[in-house]
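Trainee: I should like to request a close look at a single part of this protein, the nonpolar core, and then at its surroundings. Please explain each term when it is needed.

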Amino acid sequence: MALTNPALATPASCIADFSLIPIGAQNVSFAQQIADIQRLMQQSGLKYQMHATGTTIEGPWDQVSQIIGFAHTLIHQQGIVRIQTDIRITTRTDKVQPMESNYDSVERALSTTAATAT
């Protein structure tokens, strides 16, 4: 079933944080697969940031969801038959807020707290 209601279009831009979890893999290390996913992110042209437990990616909703799907396909092609993925997505309609601004807000709060503590 295809939805074609323009009033229900996806948001123009989003920030998604995702983590792929292979189920049933023989090896406990997932480093090679993570490296492959990071190469996929580089090729996408989208803004992304790897962190200790996943990857944050920013861009148009359709491209972000597509690249997460590509990551699944990439890992399935390596013989992992089951993957569970945790995804958090944020969107805003009141202003453009790139992912770096979230970090900057926390850094400002930390520096303000440090200045008032001394």
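Mentor: The account below begins with the model itself, turns to the core, and then moves outward to the pockets and to three individual residues.

This is a predicted model, in which local features need pLDDT of at least 70 and side-chain atom pairs count only at pLDDT 80 or more, while totals for chains, interfaces and linings use all residues. Residues are numbered from 1 along each chain as its sequence is written, and side-chain values use heavy atoms, with hydrogens and water left out.

The unreviewed UniProt entry carries the annotation "domain: Thiamine-binding protein" for residues 16-107; UniProt positions are given here in the numbering used for this model, feature names are shortened, and annotations may be inferred rather than shown by experiment. Over residues 16-107 the chain is 42% helix and 32% strand, with the end C-alpha atoms 21 Å apart. Helices (H or I, at least four residues) and strands (E, at least two) are DSSP runs, numbered from the N terminus.

Now to the core. A nonpolar core is a set of buried Ala, Val, Leu, Ile, Met, Phe, Trp, Tyr and Cys residues joined through side-chain atoms within 4.5 Å. Buried means under 20% relative accessible area, exposed means over 50%, and partly exposed lies in between (1.4 Å probe, protein chains only). The largest nonpolar core has 17 residues, of which F18, L20, I37, I57, V64, I67 and I75 touch the most other members. Two or more residues come from each of β1 (13-23), α1 (31-44) and α2 (61-76), and α2 gives the most, with five residues. I57 illustrates the packing: not counting residues up to four places away in sequence, I57 touches C14, I15, A16, F18, M41, L46, K47, Y48, V64 and I67, where contact means heavy atoms within 4.5 Å.

Next come the pockets. On a 1 Å grid over the protein atoms alone, a pocket is an open set of points where a 1.4 Å probe fits, with protein on both sides within 12 Å along at least five of seven lines, and lining residues have an atom within 4 Å of a point. Grid points are joined across faces, edges and corners, and a volume is the space filled by probe spheres set on the points. The largest pocket has a volume of about 240 Å³. Its lining includes S13, C14, I15, E58 and R92, and β1 gives the most to this lining, with three residues. These lining residues divide into four nonpolar, five polar and three charged. Here Ala, Val, Leu, Ile, Met, Phe, Trp, Tyr, Cys and Pro count as nonpolar, Asp, Glu, Lys and Arg as charged, and the others, Gly among them, as polar.

The second largest pocket holds about 180 Å³ of space. Of its 13 lining residues, S19, L20, I34, T53 and G54 are the closest to its centre. The elements giving two or more residues to this lining are β1, α1, β2 (47-51) and β3 (54-60). The lining of the second largest pocket has seven nonpolar, six polar and no charged residues.

Finally, three individual residues may be considered. I21 is found in strand β1 and counts as partly exposed because its relative accessibility is 32%. Leaving aside neighbours within four places in sequence, I21 is in contact with R82, I83, Q84 and D86. Q78 lies in the loop between α2 and β4 (82-90), and is partly exposed at 34% relative accessibility. With the same neighbours left aside, within four places in sequence, Q78 is in contact with Q33 and D36. S105 lies in helix α3 (residues 99-117) and is partly exposed, with a relative accessible area of 32%.
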